[in-house]
Amino acid sequence: RNLKKSEEALQRTEKELEENEKEMKALTEELRTLEDKASEVMNECRQAEEALPAVQEEQKNLLQEMKTIRDAEHALQSEALSIKLKIEQIDSHISTHQGKVKYWQKEISKLSLHPIEGEGPEELRALSEEELEALREPDALSKRIALLEAQRDELRPNLGAIAEYRHKEELYLKHVGELDDITSERDRFRQAFEDLRKQRLNEFMAGFNVITSKLKENYQMLTLGGDAELELVDSLDPFSEGIMF
């Protein structure tokens, strides 16, 4: 019985030895595999250590680039905020000017030109876009308007004087027309007077010459050769001084 137990124990031991050998073989194979992997890892570590300075330099460059990007982003944010503030200011100015435009449109609607007697109604002329564009200094225009208004208030123009001037102008033109008619009539009478004066002078001289000739002829017959004649004292105006024998 002991021998049988010993044989069984021996068989178990041999079997365990075989299993241990197999296990040792497997462990040896696994150890070899691990050593190969360890060698690969060591190579990778060595390569990583060799590449570390380049990676660190690249990391440094990336960090610097990130810092530059952050600075640019902050600058853009600051510029965007400034632009936003400017836009708000522009919107405020636009709103203010729109209010002014409505106010002045209301004031313009109240304006009207003073009617002038003898002339048709006249409307206020609206400025074109080119004329408005030419007004590059609205403050200067406002000052000019204020100055003209002050001068107008100082002058205090009498708009009724225009109507009175028109009336007096009509009277003047009427009197001028009457004067022209009277002058024409005077010239006509003067011409008629001159014609009559010339006619009287011509007829008088014709009669005077006939009388002088007959007188001279009769005097010679009466005195048997004597001489007598009539002479005008003023030959240019025989009616003023008379006749001399």
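**Figure 1. The whole chain at a glance.** Of the 245 residues in the protein chain, 3% count as buried, where buried stands for under 20% relative accessible area, exposed for over 50% and partly exposed for what lies in between (1.4 Å probe, protein chains only). This is a predicted model, so local features need pLDDT of at least 70 and side-chain atom pairs count only at pLDDT 80 or more, while totals for chains, interfaces and linings use all residues. Residues are numbered from 1 along each chain as its sequence is written, and side-chain values use heavy atoms, with hydrogens and water left out. The secondary structure comes to five helices and two strands; these are DSSP runs numbered from the N terminus, with helices being H or I over at least four residues and strands being E over at least two. Following the sequence, you will meet them in the pattern α-α-α-α-β-α-β. The accessible surface of the protein chain is about 22700 Å², and 56% of that belongs to carbon and sulfur atoms; such areas come from the Shrake-Rupley method with a 1.4 Å probe, and for residues only the protein chains shown count as cover. Among contacts with a separation of 6 or more, 29% join residues 24 or more positions apart, a contact being heavy atoms within 4.5 Å.

**Figure 2. Thr-212, a buried residue of helix H4.** Here we look at Thr-212, found in the helix that covers residues 160-223. Thr-212 counts as buried because its relative accessibility is 15%. Neighbours within four places in sequence aside, Thr-212 is in contact with Glu-229 and Leu-230.

**Figure 3. A nonpolar surface patch around Trp-104.** Tyr-103, Trp-104 and Ile-108 together make a patch of about 360 Å². Patches are built from residues with over 30% relative accessible area and no salt bridge, joining like charges within 9 Å and nonpolar side chains (Val, Leu, Ile, Met, Phe, Trp, Tyr) within 5 Å. Trp-104 has its place in helix H1, residues 2-110, and is exposed, with a relative accessible area of 51%.

**Figure 4. A salt bridge in helix H1, Lys-67 with Asp-71.** The structure holds six salt bridges, each a side-chain nitrogen of Lys or Arg within 4 Å of a carboxyl oxygen of Asp or Glu. In the one shown here, the closest N and O atoms of Lys-67 and Asp-71 are 3.3 Å apart. About one helical turn separates Lys-67 and Asp-71, because they are four residues apart in helix H1. Lys-67 is partly exposed at 45% relative accessibility, and Asp-71 is partly exposed too, at 39%.

**Figure 5. Glu-169 and Arg-166, a salt bridge in helix H4.** The closest N and O atoms of this pair lie 3.9 Å apart. Glu-169 and Arg-166 are three residues apart, about one turn of the helix. Both count as partly exposed: Glu-169 at 28% relative accessibility and Arg-166 at 29%.

**Figure 6. Arg-188 between a salt bridge and a ring.** Arg-188 forms a salt bridge with Glu-185, with 4.0 Å between the closest N and O atoms. Because the two are three residues apart in helix H4, about one helical turn separates Arg-188 and Glu-185. Glu-185 is partly exposed, at 38% relative accessibility. The charged end of Arg-188 also sits over the ring of Phe-189, 4.8 Å from the ring centre; a charge sits over a ring if NZ of Lys or CZ of Arg is within 6 Å of the ring centre and within 35 degrees of the ring normal.
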